[in-house]
Amino acid sequence: ERQVLRRRSPAMAEVEAAPQDLTFALGGFLDRHLVFPLLEFLQEKEVYPSDQLMKAKLDLLYPTNMVDFAMDIWKGLHNTDEVPEAMAQRRQEVLERMQKLEGATAVLREVLDDAALVEHLRAEKNLTMAYLTEKHSLAPDALGALYDWARFQFECGNYGGAAECLQHFRLLSTNAESSFNALWGKLAAEILVQNWDAAMEDFTRLREAVEARAASTPPLMQLQQRSWLMHWALYVLFNYENGRATLVDFFFNERYFNALVTNCQHLLRYLVAALVLTAKRRRPLLHELTRVCAQEAANYSDPLTRFLVALNADSDFDAALLELGKCEAAMAQDFFLQQHASAFILAAKGLVFESYCKIHRRIDVGAVAAKLGMGLDDAERWIVHLVRDANLDARIDSTENHVVLSSTSTSVYQKVIEKTKGVQFRSAVLANTLEQRANEVAAKAAAAIPAA
């Protein structure tokens, strides 16, 4: 089951969110176990008082099976070696539950732990519950017990063991709904053990599964599932190699982009960050995202979205650089973005300079260095690399310390090419959408005929 936190932790309910901190907004779309690393990060960065974060951790842990961990936090929070009777009783219940599930799954787990046997059964197409039940005298509810054991392991914090059990369960299960739920659990487990290759595979499978079930899923549940998946994907795509490019493609998918704008505008921060980091290959999307950031400014804005609007919509370079200075602080206390902050700032400065070049024929290198907070020599070297990478028709006048740009006019043919570059993609998306909706209408009409 997907345990999604719909409200703040009681311990944090009275705490005012720190400026630029999105933990409260993100937590509404995450399993409680996925929230725990965010709280650890906030405690490390001292964003909130330590005692408040420890209380929030305790609230997260209490419904789980990580009772010993919860006891340790309780003792540290109250400076005592004693724990409440309810905690001790809860610990005993967990131990009894563990013994019961261990016994119920022992035979099946022994078979599945034999990798050579599993591989042989798969090759012979005998890895089915019917075959295993006949050959190993399994109980009728053995597969259900394995699923319960996987959930129990996950709640105990043994995420690696849970992922392995869920993988076996998905190989054996013929129930589509149970397999779908198990895939959510496996993705969460792989994220929490930071197995990014496996997590990326599970994310891809889960995205395909969500879309494959769209015709039979109520629209509101579709919106929720897409919103959850976008939030869970942040863990994977900001750690996986080339994940930022994948995130841009994923979030700009029509259905997921609609879910973002409708249900979780705060994800604009991560889309802006990913797009700026990969802007060399996706410049046309910058203008579309700028339009959406400006449109949604009343509902959500932060330094990253305001930077994009100031630069591309307002052409206000001073405001853009001011917001860029705030971006560094905002990203430093963001769990997903802090490791990409320096690369983002460098890429954003490049966008500022390129935009500046579009409206100036001669640029003072000293002025650029001052605005971007760089030394004169560093700025000159940086500009040389940027001019080369951006294919700008420019030269540096060392005598006057200026960048001189040549005026070039784009041919009408090139303008037509640029304007129509995305027509084929947009047409394909529109055609797929129309085809799916036509199939849905036809399916509903066919279902209504017997009733008539």
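**Exercise 1. Which side chains meet in a salt bridge at 2.9 Å, N to O? Find the pair and work out what it ties together.**

Before starting, note that this is a predicted model, where local features need pLDDT of at least 70, side-chain atom pairs count only at pLDDT 80 or more, and totals for chains, interfaces and linings use all residues. Residues are numbered from 1 along each chain as its sequence is written, and side-chain values use heavy atoms, with hydrogens and water left out.

Step 1. Get the rule straight: a salt bridge is a side-chain nitrogen of Lys or Arg within 4 Å of a carboxyl oxygen of Asp or Glu.

Step 2. The pair at 2.9 Å is lysine 186 with aspartate 202. Lysine 186 sits in helix H10 (residues 176–192) and aspartate 202 in helix H11 (residues 196–212), so their bridge ties together parts 16 residues apart in sequence. Helices here are DSSP runs (H or I) of at least four residues, strands are E runs of at least two, and both are numbered from the N terminus.

Step 3. Now check burial. Buried means under 20% relative accessible area, exposed over 50%, and partly exposed in between, using a 1.4 Å probe and protein chains only. Lysine 186 has 6% and is buried; aspartate 202, at 1%, is buried too.

**Exercise 2. Look around that pair: which residues are linked in a network of salt bridges?**

Step 1. The network links Lys186, Glu190, Glu201, Asp202 and Arg205.

Step 2. Take one of its bridges: arginine 205 pairs with glutamate 201, with the closest N and O atoms 3.8 Å apart. These two are 4 residues apart in helix H11, which puts about one helical turn between them.

Step 3. Arginine 205 is partly exposed at 36% relative accessible area, and glutamate 201 is partly exposed at 47%.

Step 4. For the full tally, the rule gives 14 salt bridges.

**Exercise 3. Which residue forms a salt bridge with arginine 306? Add the helices and the burial.**

Step 1. The partner is glutamate 323, and the closest N and O atoms are 3.3 Å apart.

Step 2. Place them: arginine 306 belongs to helix H17 (residues 303–313) and glutamate 323 to helix H18 (residues 317–332), so this bridge ties together parts 17 residues apart in sequence.

Step 3. Arginine 306 is partly exposed at 28% relative accessible area, whereas glutamate 323 is buried at 10%.

Step 4. While you're here, check the loop between H17 and H18, which holds serine 315. Serine 315 isn't a glycine, yet its phi is positive, about 50°. It counts as partly exposed at 45% relative accessibility.

**Exercise 4. Are H4 and H5 roughly parallel or roughly antiparallel? Describe their contact as well.**

Step 1. Axes are lines fitted to C-alpha atoms, for helices over the stretch in contact, and angles run from 0 to 180 degrees between N-to-C directions. The axes of helix H4 (residues 67–78) and helix H5 (residues 85–112) come within 10 Å and cross at roughly 165°.

Step 2. That makes the two helices roughly antiparallel. Angles under 35 degrees count as roughly parallel, over 145 as roughly antiparallel, 65 to 115 as roughly perpendicular, and the rest as oblique.

Step 3. Find the contact, meaning heavy atoms within 4.5 Å. From H4 come Val67, Asp68, Ala70, Met71 and Trp74, and from H5 come Met87, Ala88, Arg90, Arg91 and Val94.

Step 4. Sort them by class: 7 are nonpolar, none polar and 3 charged. Ala, Val, Leu, Ile, Met, Phe, Trp, Tyr, Cys and Pro count as nonpolar, Asp, Glu, Lys and Arg as charged, and the others, Gly among them, as polar.

**Exercise 5. At what angle do the axes of H17 and H19 cross, roughly? Repeat the analysis for this pair.**

Step 1. The axes of H17 and helix H19 (residues 341–358) come within 10 Å and cross at roughly 15°. The two are therefore roughly parallel.

Step 2. On the H17 side you'll find Leu304, Phe307, Leu311 and Asn312, which meet Phe344, Ala348, Leu351, Val352 and Ser355 of H19.

Step 3. The classes in this contact are 7 nonpolar, 2 polar and no charged residues.

**Exercise 6. How many helices and strands does the protein have? Finish with the overall picture.**

Step 1. The secondary structure comes to 23 helices and 3 strands.

Step 2. Of the 452 residues, 44% are buried.
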